[in-house]
Amino acid sequence: PLALIGVVWSHGPVLLWVQDVCLVGAEMVAWRWIREVTAKQPGRGGRLLGGAGLVLLLANPWAWWSISFDFHMELVALPFALFAAYDLAHDRRRAWLWVAITLLCGDLEATWMAGLGIGALLAGRRWRWRGVGLIGLGIGWLVLSTSVHGDSGGNLVSTYGYLAGPALPSGSSIATLVFQIATHPGRVFSALWAHHADIWANLAPGGLIGMANPWVLGLALPSLLANNLIRGNIFAQPLFQNVLLYVVVPLGTVLVLVWLHRRWPRLSLGLGALLVANAIVWTVVWAPQIPVRWFNVSSGAAAVLARAEEI
């Protein structure tokens with residue numbers, strides 16, 4: 001379906017605008033969820049928590065970085081993943097439509113849906129079988145894609161094979177890779193610890209405590225593992241590949257704060273104020289670097305791009 005956009009208007013930045021719209025759409029779904037839960041809180045507390053959620057969504061510098069880069073399908077899949085989580089949590093069958101669209105966006109997005117299934121299992125009995133179905137669907141789609149070489153742009157076995165060590169035979173399947181990693185978990189923990197600073201940087205602006213919410217934990221975990229278990233920090237560093245975290249962690253933070261507010265209102269509001277201040281500090285430090293790192297184009301490069309567009 002994205003190809004149809006080129007039929008209507010074949011212009012270079014169009015796909016970049018599409019991912020801008022997708023990010024805003026995902027944030028709107030998160031914001032709707034935030035408004036829904038905070039509106040149920042009595043007095044001024046609900047409004048303050050809602051305002052905190054809005055700041056956490058908009059003041060995350062990495063969300064802005066994600067759309068300052070080139071085009072990536074993670075951003076296109078983002079609103080559909082959020083729709084799937086929202087409708088599943090609200091017991092709406094329409095969630096399966098959003099799941100199907102998310103799966104069409106790629107292999108990484110299939111792991112998101114498997115993670116959403118884990119979140120459903122953690123959320124309670126009510127979602128147990130739907131969670132099992134989502135895990136099976138996500139893993140099944142990933143295996144199918146791999147079997148038809150749909151992962152040729154980033155083969156899973158070659159990418160993560162180092163975690164299995166020299167015990168992994170050449171030409172091994174995903175099942176063999178998973179078995180070897182499961183029997184040698186120390187390499188996984190070592191790789192994650194090597195990226196602890198990146199993990200902190202990706203989660204801290206959104207509030208961090210949002211990971212305690214089962215829906216958010218399930219959605220976020222595959223992205224965290226996939227990006228931080230690759231050698232080096234090319235995918236671990238804050239950027240487009242972690243964009244799911246920049247929307248769901250602020251959402252989860254508000255959901256956790258609302259849960260706290262029902263029991264300890266002052267603690268909830270105080271913690272919310274601290275997390276808002278933390279997000280603003282991250283933005284003050286990193287937002288001014290966006291034009292320096294991404295937007296400035298030299299005159300020579302601009303001339304080459306102009307000539308390419310004329311061809």
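The following exchange goes through some salt bridges, helices, cysteines and buried residues of a predicted model.

Colleague: How are residues numbered, and which pLDDT do local features need?
Modeller: Residues are numbered from 1 along each chain as its sequence is written, and side-chain values use heavy atoms, with hydrogens and water left out. In this predicted model, totals for chains, interfaces and linings use all residues, side-chain atom pairs count only at pLDDT 80 or more, and local features need pLDDT of at least 70.

Colleague: How many salt bridges does the structure hold?
Modeller: A salt bridge is a side-chain nitrogen of Lys or Arg within 4 Å of a carboxyl oxygen of Asp or Glu. By that cut-off, the number of salt bridges in the structure is four.

Colleague: Which residue meets Arg94 in a salt bridge, and is that residue buried or exposed?
Modeller: Arg94 pairs with Asp87, at 2.8 Å from N to O. Relative accessible area sorts residues into buried (under 20%), exposed (over 50%) and partly exposed (in between), with a 1.4 Å probe and protein chains only. Arg94 is partly exposed at 44%. Asp87 has a relative accessibility of 0%, so Asp87 counts as buried.

Colleague: Which residues are linked with Asp87 in a network of salt bridges?
Modeller: The network joins Asp87 to two arginines by salt bridges. They are Arg92 and Arg94.

Colleague: How many residues apart in sequence are the parts that Asp91 and Arg126 tie together?
Modeller: The side chains of Asp91 and Arg126 form a salt bridge at 2.3 Å, N to O. Asp91 sits in the loop between α5 (73–89) and α6 (95–103), and Arg126 in the loop between α7 (107–123) and α8 (128–147), so the tied parts are 35 residues apart. Helices here are DSSP runs (H or I, at least four residues), numbered from the N terminus.

Colleague: What is the distance between the closest N and O atoms of Arg130 and Asp91, and where does Arg130 lie?
Modeller: The closest N and O atoms of this salt bridge are 3.0 Å apart. The pair links distant parts of the chain, 39 residues apart, with Asp91 in the loop between α5 and α6 and Arg130 in helix α8.

Colleague: Is Gln19 buried or exposed, and which residues does Gln19 touch?
Modeller: Gln19 lies in helix α2, residues 14–38. Its relative accessible area is 0%, so Gln19 is buried. Contact means heavy atoms within 4.5 Å. Not counting residues up to four places away in sequence, Gln19 touches Ser66, Ile67, Phe69, Asp70, Phe71, His72 and Leu75.

Colleague: How many disulfides does the structure hold, and how far from Cys22 is the nearest cysteine sulfur?
Modeller: A disulfide is a pair of cysteine sulfur atoms within 2.5 Å. The structure holds zero disulfides. For Cys22, which is in none, the nearest cysteine sulfur is that of Cys105, at 8.3 Å.

Colleague: What does helix α14 span, and how many of its residues are buried?
Modeller: Helix α14 covers residues 243–263, 21 in number, and reaches 32 Å from its first C-alpha to its last, close to the 30 Å expected. The expected span is 1.5 Å times one less than the number of residues. The helix is largely enclosed by the rest of the structure, because the buried residues number 18 of the 21.

Colleague: What distance separates the C-alpha atoms of Ala191 and Ile230?
Modeller: Ala191 is in helix α11, residues 185–194, and is buried at 10% relative accessible area. Along the chain, Ala191 and Ile230 are 39 residues apart, while their C-alpha atoms are separated by 8.1 Å.

Definitions and conventions:
Helix = DSSP H or I, 4+ residues; strand = E, 2+ residues; numbered from the N terminus.
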